[in-house]
Amino acid sequence: MNITERVQEVFNRFNVNLEVTEKTRTEMAEAALDNGTVIYTDAEAFAEGVEAFIINDEGERIPLPAGDYTFADGTVIVVGEGGVVQSVTAPEVEEAPAEAPAEVAELAEEDEEKKKEEMNYVTREEVEEMVMAAIQKYMDPKEEEEKEMEEEKEEDKEKMSSQLVEELSSIKAELSAIKKQAASTGLKHKAPSVKPEPVNLKNLNTQERVQAIHNQFSK
Amino acid sequence: MANASIAVGTYKGQMALPYVAAAVLSADTIANGYVSVLENVHSKAVLRKFSGTEIKANDDCAFESSSESGRLTLGEAVLEAIALKVNEQICNADLRATWESQQIRSQNAGAPADFTTYVAQYVASKVAENVEYNLWQGNFDSDDSSLDDGTYTSFDGLWHHIVDEEANLGYDGNVANAFTADANASTGILTHLDALVANAPSAVQSDGNANIYMSRKSLFLLQRAMAGIGIFQANGSDTTGYAAAGYSPEFVGQARPTSFLGFNVIAPAGCPNDTLMLANPNQLYFGTNILTDHIQASILDLTGVTGDDVTRVIMQFSGGTQIVDAGSLAVVRRTS
């Protein structure tokens with residue numbers, strides 16, 4: 001399934017019907033300056049007394065500041081206060097071959113088509129890109145979730161690593177503090193107590209046995 | 001030196017143990033373990049003995065009653081401990097000098113620091129000697145093996161019980177006259193010892209723990225016989241037997257014989273003369289109650305009571321002997 005079919009499937013699922021239309025401004029005349037800026041006028045052409053302006057991205061009209069402007073074809077216009085054209089100076093026209101007017105007409109038509117295309121607010125490619133983004137979002141939500149989980153895991157890892165680093169640093173600080181402490185006195189050696197040996201009665205006489213047994217039972 | 005003031009003391013049970021135990025356990029036979037000792041006999045003690053031929057092989061599951069031949073049978077011997085008492089009066093003057101000299105010179109490190117204890121220990125040593133003699137020959141006369149003319153009569157000794165069981169003895173060699181240190185066929189100590197060992201029951205002969213018990217006089221005679229000193233020729237021409245052997249230097253002036261034909265020779269202080277016994281110590285028992293609460297010791301210095309410079313020592317305990325199995329004993333004794 002190619003991308004077009006996938007897009008159409010998504011559209012059918014969500015009942016999305018998109019139409020691409022090209023809007024052209026037939027009421028305004030436009031011209032390109034030598035620097036590429038396109039200027040406009042409500043008149044059919046740039047002539048003395050008409051207002052020249054540019055259109056920003058928001059579609060707002062901004063009058064041209066006073067000054068001289070040169071068109072791409074060499075025409076020079078002088079703009080006064082309020083963007084009013086004060087004069088228009090056409091460029092030197094050179095004799096062109098017989099085929100030149102046809103070429104000029106074709107170029108003019110091509111330029112006009114280009115202008116129309118450039119005047120569109122949303123192009124086909126842009127729509128496709130938006131649709132693809134939506135498709136990606138709805139076709140494979142798991143990937144998004146996995147991405148989010150991975151991002152969360154990475155965030156957790158970063159947090160854990162930072163915590164471990166903090167704990168390690170605290171442990172090192174404690175260890176260094178312990179090392180700086182004076183050594184303890186340690187254990188004192190205690191001499192083993194002398195255990196009394198059992199008395200061997202066999203080698204004693206009666207009197208000695210009596211004393212030994214008496215002492216043993218007197219303890 | 002003025003006499004020290006001695007307090008009167010009466011001790012019972014555990015408190016009397018140092019005095020009574022010293023008096024009983026210091027006996028030569030008990031201290032050296034020549035016989036088996038029971039120290040907690042209240043009145044009587046039953047000594048189990050096994051008699052019979054053999055233990056039958058366990059080759060079946062049947063239980064056979066003891067009436068059948070070959071079965072292991074049990075017998076018993078009762079050891080009865082007789083209540084004994086000691087009543088001794090000691091003149092303080094007789095012992096005080098000895099005690100003081102020991103204290104001053106420090107001759108005896110074990111001598112007690114007080115005179116009363118010293119007197120008690122002195123009496124205990126005498127009691128130990130009396131226990132020793134009664135243990136072997138209480139109510140027994142070694143001259144003729146009679147039971148009523150004995151020198152010591154505190155309680156029946158082991159030889160008294162041996163004579164009581166003479167009909168069941170493993171070997172009972174009766175001899176006339178006292179033992180001598182020669183090769184006389186009827187009186188010679190070597191002859192008697194040879195007969196004792198040769199005629200003993202086979203179980204006793206093969207018992208590696210069996211000992212030959214004899215008196216110290218008999219041991220002396222044996223040493224003389226072994227040394228050849230006691231071999232007196234009846235006349236100059238008599239060259240038979242040991243008379244021709246001459247002296248044996250190893251037994252003259254050296255250690256006494258400690259064994260005979262592979263059996264240890266033991267000479268307890270209280271063993272009667274003219275008697276020989278071959279037996280295992282587990283067949284000979286002495287019982288007493290010194291480890292019970294029924295003993296008592298009193299030491300009374302009457303100097304401050306009646307004015308007599310005497311000390312009375314009173315002890316109460318019990319003692320008795322018994323043989324387990326007469327058939328496991330071989331004896332030679334004088335009967336006339």
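Axes are lines fitted to C-alpha atoms, for helices over the stretch in contact, and angles run from 0 to 180 degrees between N-to-C directions. Helices here are DSSP runs (H or I, at least four residues), numbered from the N terminus.

This is a predicted model, in which local features need pLDDT of at least 70, side-chain atom pairs count only at pLDDT 80 or more, and totals for chains, interfaces and linings use all residues. Residues are numbered from 1 along each chain as its sequence is written, chains are lettered from A in the order in which they are written, and side-chain values use heavy atoms, leaving out hydrogens and water.

Let's start with two helices. Helix α5 of chain A (residues 206-218) and helix α1 of chain B (residues 17-25) have axes that come within 8 Å and cross at roughly 145°. In α5(A), the residues that meet α1(B) include A:Val210, A:Ile213 and A:Phe217, and their partners include B:Leu17, B:Tyr19 and B:Leu25 (contact means heavy atoms within 4.5 Å).

Now for the whole interface between the chains:

| Chain A with chain B | Value |
|---|---|
| Residues in contact | 12 of chain A, 21 of chain B |
| Buried area | about 1,500 Å² |
| Salt bridges | one |

Buried area is the accessible area (1.4 Å probe) that two parts lose on being put together, summed over both. Carbon and sulfur atoms give 60% of the area buried between the chains. On the chain A side, A:Gln211, A:His214 and A:Phe217 lose the most area to chain B, together 38% of what that side buries.

Which residue forms a salt bridge with A:Arg209? The partner is B:Asp28, with the closest N and O atoms 3.2 Å apart; a salt bridge needs a side-chain nitrogen of Lys or Arg within 4 Å of a carboxyl oxygen of Asp or Glu.
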